[in-house]
Amino acid sequence: MSRQARSQRAQDAACLTRRSAPRDPACTATTIVLLLIAFTLPAEAGGPRYIAGISYFNQGIAGTPLTWAQGTVNYYTDQGSLSATVSGPQGDALVADAFSQWTSIGTAAVTAIHAGQLAENVSGANVYRNSDGTLTMPADIMPTATGTPVGIVYDVDGTVTDAFLGQGAGDASQCFGNAVFGGLDNFATGANFLHALVVINGNCVVQLPDPDVEYRLVRVLGRVLGLGWSQTNLNVQTDIPRPTADDYAGFSIMHAVDLLNCVPITLCYSDGGKVNPYVPKMDDRAALSRLYPALTFSSTTARVHGNVYFENGSGQSGQGMQGVNVVARWIDPSTGLPSGVYAASSVSGFLFAGNVGTTVTGFNNSAGQPLNQFGSNDPTLEGFYDLAGLQIPNGGNTAQYQISVEPVDPFWSDTVGPYQPWQVLPSGSTQNFIVNVTLGGDVPQDIVMLESAEQKPDWFGPTTYNSPATLPVAGDWTASLDPYGGLDYFWFSGQANRTLSVLVTALDVTSAPSESKAQPVIGIWQLSDPGTFPAPANTSSAFNSSIFGMTILNAELLQPTSFRLGIADIRGDGRPDYAYHARLLYGDHITPTRASVAGGTALAIAGYGFQSNTAVSIGSQNGATLAVSANQIVVNASAHADGIQDIALVDPPTAASSILSGVVTFGAGPNDVLQLVAGANPSTPVGGQAPNPILVRAVASDGITPVAGATVVFTSAPAVTFAPGIGVSVACTGASCTLLTDQSGQASAYMTVLTAGGMTVSAQLAPASYTSPQQVQTTLVGRESSLDIALSPQNESVAQGATANLKLTARVLSNGTPQPGKVVNFSLYRGIGNLNPVSATTNASGYATSSLQLSDLSAEVDGNACVGSSNNPCMQFHVFPVPLSVLRLQAVAGDLQFITVGPSFQPITVQITDSSVPPNPVLGASVLFQSLLGRTNNAAPIVSVGDTNITTNPLPILLGTSQTSVVSDLNGMASMQPSTGSFQGALAILGTITAGSGTMPFQLQSLWPPNP
């Protein structure tokens, strides 16, 4: 039987067979349809089919098997014919003979009385399905028809069967499963049956006698009398070991399932015609007699009863063990061997509740009826078994019985016992042993399962719904659901707009995955929830994944708050062998929350339950994982357009995932602001470069936090020719310039004027990503004359005390046309410096250059660049000394890097400015890069990303130190190329950068790729 089919059978049993209370208004005709469909569904116990629970039934009778009052069954038969070839009276005789197989058991006080006929001929004319799925049927076969306690319907042509079980179910080809069906559908609160319905499909009865039909009728009537399915002499079906004649003779008629090839039924169970398959065997007789004991029952049979226990730490009895099949077999004194004929069984805990529900999945079935209305909650009954009704053959008064224990077979006996349909493999073992019995005797015999799982406290201590434990730091743990009713609760903090997966694998005694132990289900609540059952997010069944033994809950967090995680056995059970392995896969937050559109930003994702094979995707692209620990993954972001992206974490084997929605912004976000820092210029000759670039800064919505790696597009109307300044150039030639902001959020572009008159220069923030991008503008005026000069730079800040060369570039123009062969004279009128050369001739493009050599600059230097012997026109230049105390150091690129082993680190770049507003870049500032080169013993990450360290490993192996001094350039930039020298492998470079009074750290690390 498939998992899906068995699961559906379990669901139907839980949701339908308990909808039978007479006071339940939902117990309608439709209910009966489904109940009859579910006739072959699991019994409540190996022995009695139904056990009164703590709800619905009268107080004080929990644990009492349900029976017909006074053992009397009044049944009413159909007025019509049984089939086209078998009359109604012949059908009555068949029913009477089938009942007699049970009522003739001398130790059972049960009688079946043919009390009359139903009020009609039940047929497809008065039993039919309506368009809304409900069923119309005569009133005297409804569950409420307690005046006709057992209705026997002769479905002459299969149409009633079709109405109940679906079109085609009544066809003759379906007789193996549908020849006879029905069951109990109404209970009294005093633990008595009130009504049952049985349907015999006439298409399956051509003539009488028909052993196959009677076999199925006897089994159905056994259920009507209150018997559950049993497991005795299972080797008759499994052929392991090969069954003997005694095994056939003792094979219970109330076994759970028949194989489809058992046609006729005698082919499988008659032992070549020696055994009548539908005659109750000793196991059946004992079970019925325990329900309806005759006055002579106790005195003419023997009893062995007791409890099956787990072994505690002292080798004594611990918790009762439910779901173990205890078998008694008479020892034949002539052979000394156990007999298959005189054999009986009882499933431990048959009086105890098999499924009471949990806070995770709720305490009611789908019809709203409490699950605890069947089965006792008395812990002394959890492992109880009862083998009353043991016969002593050959007129003897004493005998020996062998007692053995065995699992309830999950295939052949999945509907046997309180754990149906998901059987639990017993823990530990015990040797077969002999018990001496006497007629009328009662032998108490407890069974302790040796080397069974031992009850041990979990490392986090007891938990309750209101007192959950803190979720383990790693998000990965093992524990057990122990003792009975034990649930484990944990709490953790979560963010809104996140998804997570909780994975719970049931384990056996060897810690291997199992589906024959706990049936784990998972629920999540907000921690503030006072108690919503079932959990707002829960798994409705166990083992809902494609991974053996694993249950997965996928949930979405909608609010930033604390959450409660609950793990339970779906039945509300708990025992020492219910071990599990749990893991929470959850990404909580990332650091930093910004990344460059160019890619290469190291992002640290913090959360729970990460593993080396956890795959990371950012938007639609995979991220390159650099380092992994249980609580953090460092990933190298790939290139993305400006905008907000999700990050997804996926566990490849299980497809478990955690999605962090809208958690990372590449470049510019929708609420970021673009600020104009500088852009004013004097009028500039056509063909000359304006002395000051247009400088912008991208900041977050707070107006302060810089936005690095954002796209800025510069344009002008009329057009100018742009050249890159600060920032990473994407495409900056001609009439458009696209740059990425540096780590201070800045980008700048130089402009060469192409036309006379006014022009508007614009800078837009990520125009390809936003329909209404942030924009700033400045104006620029171009002028034309017959002879003009442009000069760059015109104003330069230089570090005080610096020795530097300042390149001066002049361009001579006539109405925008470059003038070659013109002499440009460079001179100083204030301050100290050397110009070399003092005169230069323009090249074919009109350019002439000179170098101003400054030594130990202490005061302002001013000068002119003039054209020709007349020194007209002229353009002034100014050099301003900047004291070291006002130097400002800011990161531009590369101060935090993670790479895999192999590639080289990128340069580290900083900018030195003065303290002006806006700041001016400073030339000639001395920038000191100092660093340590080292390696960890295990190549584990040591570099921190944002607010969290990937590990706390120190740097135990120092490989070398270095220091490099660099002088800032015309744009205030200073760069250093990190080097690992001759060292290879996973290395780290930790250092500081100093300029003036400012310092800043840099951290670089190369890592081996994570193990898959």
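How many of the nine residues of strand β10 (residues 324-332) are buried? The legends below start with this strand and then move to other parts of the predicted model.

**View 1. Strand β10 and its two partners, β13 and β11.**
Eight of the nine residues of β10 are buried, so the strand is largely enclosed by the rest of the structure. Strands of a sheet pair through backbone hydrogen bonds, either parallel or antiparallel. β10 and β13 run antiparallel and are joined by seven bridges. Within this pairing, arginine 329 has glutamine 402 of β13 as its bridge partner. β10 also pairs with β11 in the antiparallel sense, over seven bridges. Here isoleucine 331 is matched with proline 338 of β11 as its bridge partner. β10 and β11 form a hairpin with four residues between the strands, and glycine 336 in this hairpin takes a positive phi near 75 degrees.

**View 2. Helix α10 (residues 282-291) in its surroundings.**
Eight of the ten residues of α10 are buried, so this helix is largely enclosed by the rest of the structure. The buried residues are Met282, Asp283, Asp284, Ala286, Ala287, Leu288, Ser289 and Leu291. What do they pack against? Their neighbours are α3 (88-103), α11 (297-300), β11 (337-347) and β13 (398-407).

**View 3. An open sheet of five strands.**
The strands stand in the order β2-β1-β5-β7-β6, and their pairing is mixed. β2 (111-117) and β6 (180-188) are at the edges; each has a single partner strand, so one side of each is left without a neighbour in the sheet. From one strand to the next, the twist averages 20 degrees. Inside the sheet, β1 (residues 72-77) and β5 (residues 150-155) pair in the parallel sense over three bridges. Threonine 77 has isoleucine 152 of β5 as its bridge partner. Helix α6 packs on the sheet and touches β5, β6 and β7; the direction of α6 makes about 10 degrees with that of β6.

**View 4. Aspartate 210, in the loop between β7 (192-201) and α6 (211-224).**
Is aspartate 210 buried or exposed? Its relative accessible area is 17%, and therefore aspartate 210 is buried, the cut-off for this class being under 20%. The side chain of aspartate 210 reaches the backbone nitrogen of aspartate 212 at 3.1 Å. Aspartate 210 and leucine 94 are 116 residues apart along the chain, and their C-alpha atoms are separated by 9.1 Å.

**View 5. A salt bridge within helix α6, between aspartate 212 and arginine 216.**
The closest N and O atoms of aspartate 212 and arginine 216 are 3.8 Å apart. An α-helix has 3.6 residues a turn, so residues three or four places apart point the same way. Aspartate 212 and arginine 216 are four residues apart in α6, which means that about one helical turn separates them. Both aspartate 212 and arginine 216 are buried.

**View 6. A salt bridge between two loops, formed by aspartate 577 and lysine 517.**
Side chains of opposite charge can pair when their charged atoms come close. In the salt bridge of aspartate 577 with lysine 517, the closest N and O atoms are 2.8 Å apart. Aspartate 577 lies in the loop between β24 (561-569) and β25 (579-591), and lysine 517 lies in the loop between β20 (498-507) and β21 (520-526), so the pair ties together parts that are 60 residues apart in sequence. Aspartate 577 counts as buried at 6% relative accessibility. Lysine 517 is buried too, with a relative accessible area of 5%.

**View 7. A salt bridge between two strands, formed by aspartate 862 and arginine 830.**
The N to O distance in this salt bridge is 2.6 Å. Aspartate 862 belongs to strand β52 (residues 861-867) and arginine 830 to strand β48 (residues 823-830), so the pair ties together parts that are 32 residues apart in sequence. Aspartate 862 is buried, with a relative accessible area of 0%, whereas arginine 830 is partly exposed, at 46%. Elsewhere, salt bridges that share partners join Arg303, Asp386 and Asp442 into one network. A search of the whole structure finds twelve salt bridges.

Key: Residues are numbered from 1 along each chain as its sequence is written. This is a predicted model: local features need pLDDT of at least 70, side-chain atom pairs count only at pLDDT 80 or more; totals for chains, interfaces and linings use all residues. Side-chain values use heavy atoms; hydrogens and water are left out. Buried means under 20% relative accessible area, exposed over 50%, partly exposed in between (1.4 Å probe, protein chains only). A polar contact is a pair of N or O atoms within 3.5 Å; within protein, one must be able to donate a hydrogen and the other to accept it, and residues adjacent in sequence count only if both atoms are side-chain atoms. Two strands pair if DSSP finds at least two bridges between them. Axes are lines fitted to C-alpha atoms, for helices over the stretch in contact, and angles run from 0 to 180 degrees between N-to-C directions. Contact means heavy atoms within 4.5 Å. A salt bridge is a side-chain nitrogen of Lys or Arg within 4 Å of a carboxyl oxygen of Asp or Glu.
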